[in-house]
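Visitor: Could you take me on a close look at one part of this model, the sheet and whatever sits around it? I'd like the cut-offs too, please.

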Amino acid sequence: MIQSTDKKSPLEKSIIIRTLGLVKSYGMGEATTFALRGIDTLIYRGEFIAILGPSGSGKSTFFNMVGALDAPTKGRVLIDEVDIAQLNAVELAFLRCRKIGYIFQSFNLIRYMTALENITVPMSFAGVTPEEAHKRGMDLLELVGLADRWSHRPIEMSGGQQQRVAIARALSNQPKILLSDEPTGNLDLKTGGEILEIMRKINKEKGVTIICATHDLRLLDVCDRMMWIRDGRINKVEERANISIRLGQIGGAK
Amino acid sequence: MKPIVVKDQVRLGPARCLQLSITGMYYRVTRSAITILILSLAVAFLAYVLFYGILSYDSEYRAYNELKEKRRLGEWTSRLSSADAQPDILAFALTGDAQKAAEYKRWGGFTDEEVTKFGAAVRRVKAYRDYFAGIPTTSRAILIADADPLSIVGKFGTRADIDAFAQRVGKLNLKLPLGSAERLAEFATTDHPFFAEACERIQRGQQAAIAAVDAVRGDTAAARLFAAASPAFLAALQAQGFGMSTDLFQKVSEEARQDMDMQSLGLLFANRDIGARLARQMNVSIDKLATPLLMKWMTTQSRAAFAADLAALEPGTRGLAAARLLMLSDEYRRAGNLQKVVGEKTPARRAGVFSMETRTMWLILVSFLVCLIGITNTMTMSITDRFSEIATMKCLGAMDSFVMLLFVFEAMLQGIVGSVIGVFLGLFLAFLRGMIGYGGLVFESIQLRDLAIISVLSFFTGIVIAGLAAMWPSWTASRLAPMEAMRVE
């Protein structure tokens, strides 16, 4: 078990995700390949945690387990003290709808819907009335700074704008956890930075736990904690406070 | 362990699913159009084949019957000149015509019992004849040369004869006529002699009846009596047991009158003056002038009036009125058209909606199979295309049933649109072809009930095909893991 030396108040330090001996393997017998070889970790409420690791390290697999998108071969994932392996299809849908927001590297907005419609889709899955959904959707667009573009379709927006809509969509049912897979992977430096700002803001103001898989080293500056995964195991976990990061700039960027 | 409360996880209603389906289809309008096109073509093919089949059949049947009615005068003239021959009696007895049966019963002086026996004998005779018609030509040549099968029945008089014949038949790997030696013997000794005798009785009776009618009509030709609608003639016919009702008599009379009018019209051309003027007007040389040509030329009232004026000049002909001339020419042209439609065919009993050739049925089946595969393919492509969209929706809380419904609705909508287009297209094409082939006859012979049956049937076949085609892709889509959303394209 990873010991945390976080200095937050005890009230905020309740655990939101706990994994116990997480193992994921593919194939059978001698051909078995292990993606995860036993991961025990704790993620606290309101934390911004970055997951790092080279490709093939099991980072994505870990991510899918934590996001209730995939079932582990062995071990358990507890979200809010609920073992997700015990949940049936409806309960899983409920969990994905209300508890977790997902942000994808390729945004995954629904192409034929406007920004506002994209944001209200998860609300309709949660049974929010159209009027209420509309109001909440506009508030969220305001939060990500795109209120004036509510009627635009994804194709009419830049990558950064699409990702902001995606963030607003992820937040539409006030999730406790925001899972984000390389949120800046498809964006240029500047817009990537803006996205990170928004995520930081959400984390601080709304107290949403953010788990973020990334290669983007700037993210290390905004996160609370970082976790390196290597060969299906946790390599090391560091507090942001214990690491000194200096951000350089690449020609011309302000 | 903490339970998770899901009581307010919403299953989206059909209306919302439908709305999302429509939005999705609107976005992928080309792909939807392909599905609709494939389906509509298959449905159109089905509707076309069914409708054209029934349309052409009805038209031919109608034309055949109408032509048959037009030939009544000739039929009656010949019936009044000689008795029916044995093959005719057999053919009439097999059609089961009630009027004929009554005539034969009277002329043959049959009791009810004999009528039943005659019916059975007729069926055996048919089976016997069919046997010889059904075996290979070479075998028939070996067995009976080119003799009429009925003329050699006498050869099966004794058991020995039959055994000898059975041996010859056996060498050719054939069965005996009527199945067994016993039945053949019974046929040869009982049924056939009875049939032959009955036929003779009928013929004798008919001859007597003809003679009685002849006595009444004297030297006047039957056609002339029909044309005059002589009541004494009708009474004589009815008294002698001919199946002639007053109604029928009137129809034959009208036909006879038309026939005589046509003949008198032919006399017009004998007058060179009139012939020359007609020929000039019709723009043909005078030696080519003939009644059929005149009939075809006389398409309007003014032309008929011209011919009527000419006819009035000739004292030898009955001056036919223009209206009558026009009516005659219309009748003539119509008969020509009917003849073209019917050709040499003799339509059998009215067939149902589904009477079609085996080949056509296979064609329809194959077309639907192709359609099924085509739609499945398009839908699978559509779903593969939307993998990340479906998976994202699942990440956002969509349930399997919702995704399934989304695609089922999509397929159903496409099915409905495609089927409606297909039905209209198919019916239109069939109608068009019918119009080309049969002209105005299709309007008269079209049956709304058949039209409705074919439309509804084709429509629902289309829906079912669309539903079947969508089943597998929709199921695949609904089972898609939400994890797929993480995949980067």
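Guide: Here is a walk through the sheet, one strand at a time, and then on to the helices.

This is a predicted model, where local features need pLDDT of at least 70, side-chain atom pairs count only at pLDDT 80 or more, and totals for chains, interfaces and linings use all residues. Residues are numbered from 1 along each chain as its sequence is written, while chains are lettered from A and ligands numbered from 1 in the order in which they are written.

Chain A has an open, mixed sheet of six strands, in the order S6-S7-S8-S3-S9-S10. Helices (H or I, at least four residues) and strands (E, at least two) are DSSP runs numbered from the N terminus, and two strands pair if DSSP finds at least two bridges between them. At the edges sit S6 (100-103) and S10 (233-239) of chain A, each paired on one side only. From one strand to the next, the twist averages 20°; angles run from 0 to 180 degrees between N-to-C directions, with axes fitted to C-alpha atoms, for helices over the stretch in contact.

Now zoom in on S3(A), residues 48-52. Four bridges join S3(A) to S8(A), residues 209-213, and the two run parallel; Phe48(A) has Ile210(A) as its bridge partner there. S3(A) also pairs with S9(A), residues 225-230, in the parallel sense over four bridges. Across that pairing, Ala50(A) stands opposite Met226(A), and Ile51(A) stands opposite Met227(A).

How buried is S3(A)? Five of its five residues are buried, so S3(A) is largely enclosed by the rest of the structure. (Buried takes 20 or more other C-beta atoms within 10 Å of a residue's own, with C-beta atoms placed from the backbone.) In a regular strand the side chains alternate between the two faces of the sheet. Here Phe48(A), Ala50(A) and Leu52(A) are on one side, with Ile49(A) and Ile51(A) on the other.

Over to the helices: H5(A), residues 159-170, packs on the sheet, touching S6(A) and S7(A), and its direction makes about 170° with that of S6(A). H5(A) also packs with H6(A), residues 189-206, at about 15°, their axes 9 Å apart. That makes H5(A) and H6(A) roughly parallel to each other, a label for angles under 35 degrees. Residues including Ile167(A) in H5(A) meet residues including Ile195(A) and Ile198(A) in H6(A), where contact asks for backbone-placed C-beta atoms within 7 Å.

Terms used
Two residues are in contact if their C-beta atoms, placed from the backbone, lie within 7 Å. Angles under 35 degrees count as roughly parallel, over 145 as roughly antiparallel, 65 to 115 as roughly perpendicular and the rest as oblique. A residue is buried if 20 or more other C-beta atoms lie within 10 Å of its own, exposed if 12 or fewer, and partly exposed in between; C-beta atoms are placed from the backbone.
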